[in-house]
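Here is a protein chain for a reader who has not met it before. Please look at it first, and then follow some questions about the words used to describe it.

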Amino acid sequence: MTTMTERKLTTQKAIAEAIRQEMGRDNTVFVMGEDIGVYGGIFGATEGLLDEFGPERVMDTPISETGFIGAAVGAAINGMRPIAELMFIDFFGVCMDQIYNNMAKVHYFSGGNIPVPMVLMTAAGGGYSDAGQHSQTLWGTFAHLPGMKVVVPSNPYDAKGLMVSAIRDDNPVLYIFHKGVLGLGWMTNNPRATGMVPEDPYTVPIGKAAIAREGSDVTVATVGLSVHRALDAADQLEADGISAEVIDLRSLVPLDREAILDSVRKTHRLLVVDEDYRSYGMTGEVITTAVEGAFDALEAPPARIAIPDVPIPYSRVLEQFVLPDAGKIAGAAKTLITA
Amino acid sequence: MAIEVLMPFITDGGEEGVVTAWMVDEGSSVATGALIAEVQVEKVSQDVLAPVDGVVIGLVPINHPTAQGAPICRIVGMDELM
């Protein structure tokens, strides 16, 4: 027997496999970051790469985000395809000039002459008591700023396909993985973090949402770990006779507005769930998209669940209070149905 | 003959480990060297590869405490299933 009938991976291993295969295919692809080499990435996204490709292509850096992200921008400008890992998205504050004034804008500043084909990979999300400077998602912050694509996979299949797409894309791509979807042993076990992943390389298009579950009564649009929560909520709702459609946006920039509108025209009700802050963020953008494009289809005011505008608490009880979960999503969906 | 796949020895201290992810389902066919599970002892993770070709059966549940050196599943040769 030479083939497996099925092959599953955790999301973490799917990301590492995508990078490994792209590094094997294209020798301009390389990785830089803190603890991405010997340690394999603190969340395992670069596991095994140093042994296979050596320290010239898998570079452990000092704690110097401005330095190595700037170096990645320079390498991308010169024709390489770097992947830089910002260990936690919360750390963006120490390197935002390189991210936003250089990575995101050089293509524009050069009149379209100088592409910056790099991937900035970073970990996001809470739920494991890591406090307010290690638990944010912040994707709305980056999606707000023009010049970067922003992708957020929720499962192993998309994680691999979106990473391959991000590496091959000639634009800078912010690749954000939620720590809770990786399938890491030290996090709360999450069965949805392990799934079928084809061994051969493939792409998942950036800017296309996925219907994670079809339904007819209410649309639940979300991203990242909240997709899992929404799928759990949809199971609960089904028991109550409510059919929820779960849309995994997968990409905030570009945002698949047509997928949102198509679903709202079908279900006539919209709930947006986000583990990012409530104000000025993804929930407002998605709801506005629905109101602007499918106002007449809406049978109730759109609703949203997001982090209230407070820092993420360290206390487990308080943190769970502010995070979206299946019960909150199911409750909000029921309220929408009866509205 | 069924081959037992064991929880690897990761520490010297005799702590129990757990399977944190199964990459196969009960009854999946695997080839020698295929990744079948990720296990963890004292927060140290390790991959478990199939030692032989065959069909994987008797998977211990995720997060079920298992002694290092104790079986986490068995692999049965296809010829035995025929």
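The questions and answers below set values against definitions.

This is a predicted model, in which local features need pLDDT of at least 70 and side-chain atom pairs count only at pLDDT 80 or more, while totals for chains, interfaces and linings use all residues. Residues are numbered from 1 along each chain as its sequence is written, chains are lettered from A and ligands numbered from 1 in the order in which they are written, and side-chain values use heavy atoms, with hydrogens and water left out.

Q: Why is A:Tyr202 called buried or exposed, and which word fits A:Tyr157?
A: Buried means under 20% relative accessible area, exposed over 50%, and partly exposed in between, with a 1.4 Å probe and protein chains only. A:Tyr202 has 12%, so A:Tyr202 is buried, whereas A:Tyr157 has 36%, so A:Tyr157 is partly exposed.

Q: What makes A:Tyr157 and A:Tyr202 an aromatic pair, and of which kind?
A: Rings of Phe, Tyr and Trp (its six-membered ring) pair if their centres lie within 6.5 Å, and planes under 30 degrees apart count as stacked, over 60 as edge-to-face and the rest as tilted. The centres of A:Tyr157 and A:Tyr202 are 4.5 Å apart with 20° between the planes, and the pair is stacked. A:Tyr157 lies in helix 7 of chain A and A:Tyr202 in the loop between strand 8 and strand 9 of chain A, so the pair ties together parts that are 45 residues apart in sequence.

Q: How do you know that strand 10 and strand 11 of chain A pair?
A: Strands are DSSP runs of E of at least two residues, helices are runs of H or I of at least four, and both are numbered from the N terminus; two strands pair if DSSP finds at least two bridges between them. Strand 10 (residues 218-222) and strand 11 (residues 244-248) of chain A have 5 bridges in the parallel sense, and one of the partnerships joins A:Ala221 to A:Ile247.

Q: Why does strand 9 of chain A stand at an edge of the sheet?
A: The open sheet of chain A has 5 strands in the order 9-11-10-13-14, with mixed pairing. Strand 9 and strand 14 of chain A each have a single partner strand, so one side of each is left without a neighbour in the sheet.
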